[in-house]
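Biologist: I would like to go through this structure with you piece by piece, asking one question at a time. Please give me the reasoning before each result.

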Amino acid sequence: MENVNPSGRIIEWLPFDNMHHQWLLLAACFWVVFMFMVASKFITLTFKDPDGYSAKQEFVSLTTMPEAGKLRREKHFPEDTKPTGKLLSDGHPDQPQVYLERLELIRNACREEALRNLSHTEVSKFVLDRIFVCDKHRILFCQTPKVGNTQWKKVLIVLNGAFSSIEEIPENVVHDHEKNGLPRLSSFSKTGIQKRLKTYFKFFIVRDPFERLISAFKDKFVHNPRFEPWYRHEIAPGIIRKYRKDRTETRGIQFEDFVRYLGDPNRRWLDLQFGDHIIHWVTYVELCAPCEIKYSVIGHHETLEEDAPYILKEAGIDHLVSYPTIPPGITLYNRTKVEHYFLGISKRDIRRLYARFEGDFKLFGYQKPDFLLN
């Protein structure tokens, strides 16, 4: 197409204008491609930065890397009781100091000769029966009843593949060890036991020892929610016959009877009659042998909101399962409740009780209850 200017000169402007637009379009495309390449490089560097991981980024990398399972397994350091963590440039693990301090406290308490009878125990079948196994993710969990263990068992049941989610697990299955798919460490050969103890991620949870005893008493002798009649009809009468001072008292078992039984150094013969039912009130030392087994992490019931996510992350399973929601305030230590339950119980009986559980107090950093003892 031609056009004529006022002076009569012919101008062919449309082809020139088309060519100009084509060059602009080409330049714009080149610029977009260049910016995309720069952005891709930046994203790649961000994912490789060990200090730049977010939970979502970690999930992406774990699900796309073919060696993800191998990398998670390499997090377990059998000869070191320190929990694993991201490695900094100097080679030291990066993790909250509190978990290292808990393990160091156990190491130091285990060395105290004066505490030896209260801190050391044989890794017997009784202990091995308390430890549940998840071979798929190389995890060992030692059960300490009355410290939120039902929820941890649900986590392991899902990891072992018996159910696809925690919500699907019926309550009556959680503690049925023929149906829940949770093998005990005692079910393996001696070689298998040693291998798992040496190489797997190992953890358990503790709670203020006296508050745990109160929870056990309420659950087994007052509420008895799982319809376990033997606690009321067999164990309670046995404790009353042996330890009730006032023989004319006809009420059911009282917390004072329970405390007197637990503090008796000669209670062993009665424990043998009760069998494994005593797991709800024996010491953490007797349950999990923390001086003989090098655990990776020790969680505390009082800080479970922080400890549960940390344990899942350290075990390499935080992208697979979450710990169930914790009701607000349920994990807090309640001194008023403790004082109420021990009101009227003699100082002698409370001191004998503390003497038995002193190892648990000292190994796990719980303050001596002087408000009850003095």
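Biologist: How many disulfides does the count come to by the rule used here?

Modeller: The model is predicted, so local features need pLDDT of at least 70 and side-chain atom pairs count only at pLDDT 80 or more, while totals for chains, interfaces and linings use all residues. Residues are numbered from 1 along each chain as its sequence is written, and side-chain values use heavy atoms, with hydrogens and water left out. A disulfide is a covalent bond between the sulfur atoms of two cysteines. With the rule that the two sulfur atoms must lie within 2.5 Å, the count of disulfides comes to two.

Biologist: Which cysteine forms a disulfide with Cys110?

Modeller: The partner's sulfur atom is 1.8 Å from that of Cys110, and the link is left-handed, with -90° about the S-S bond. The pair links distant parts of the chain, 181 residues apart, with Cys110 in helix α4 (residues 97–111) and its partner in the loop between α14 and β8; helices (H or I, at least four residues) and strands (E, at least two) are DSSP runs, numbered from the N terminus. The partner of Cys110 is Cys291.

Biologist: How many residues apart are the cysteines of the pair Cys142 and Cys288?

Modeller: Their sulfur atoms are 2.0 Å apart, and they form a disulfide, which is left-handed with -95° about the S-S bond. This pair also links distant parts of the chain, with Cys142 in strand β6 and Cys288 in helix α14, and the separation along the chain is 146 residues.

Biologist: Is Cys142 buried or exposed?

Modeller: Relative accessible area decides this: under 20% is buried, over 50% is exposed and what lies in between is partly exposed, using a 1.4 Å probe and protein chains only. Its partner Cys288 has 0% relative accessibility and so counts as buried. Cys142 is also at 0%, and therefore counts as buried.

Biologist: In what order do the four strands of the open sheet stand?

Modeller: Strands of a sheet pair through backbone hydrogen bonds, either parallel or antiparallel, and here two strands pair if DSSP finds at least two bridges between them. The pairing in this open sheet is mixed. β5 (131–134) and β8 (297–300) stand at the edges, each with a single partner strand, so one side of each is left without a neighbour in the sheet. The order is β5-β6-β7-β8.

Biologist: Which residue in β8 is the bridge partner of Phe204?

Modeller: Strand β7 (residues 201–206) pairs with β8 in the parallel sense over four bridges, and β6 and β7 pair in the parallel sense over three. Within β8, the bridge partner of Phe204 is Ile298.

Biologist: How many of the six residues of β7 are buried?

Modeller: In a regular strand the side chains alternate between the two faces of the sheet. On one side of β7, Phe201, Phe203 and Ile205 are buried, and on the other side Lys202, Phe204 and Val206 are buried, which leaves both faces covered. β7 is largely enclosed by the rest of the structure, because the number of its residues that are buried is six of the six.

Biologist: At what angle do helices α11 and α12 pack?

Modeller: Angles run from 0 to 180 degrees between N-to-C directions, along axes that are lines fitted to C-alpha atoms, for helices over the stretch in contact; contact means heavy atoms within 4.5 Å. Ile239, Ile240 and Tyr243 in α11 meet Asp257, Phe258, Arg260 and Tyr261 in α12. The axes of α11 (residues 229–243) and α12 (residues 255–262) are 9 Å apart, and the packing angle is about 75°.

Biologist: Which residue follows α15 with a positive phi?

Modeller: In helix α15 (residues 304–314) the buried residues include Leu304, Tyr310 and Leu312, and what covers the buried residues includes α4, α7, β7 and β8. The residue that follows α15 has a phi near 75°, and this residue is Gly316.

Biologist: What is the phi of Lys146?

Modeller: Most residues other than glycine have a negative phi, and most peptide bonds are trans. Lys146 lies in the loop between β6 and α7 and is buried, with a relative accessible area of 18%. Its phi is positive although the residue is not glycine, with a value near 75°.
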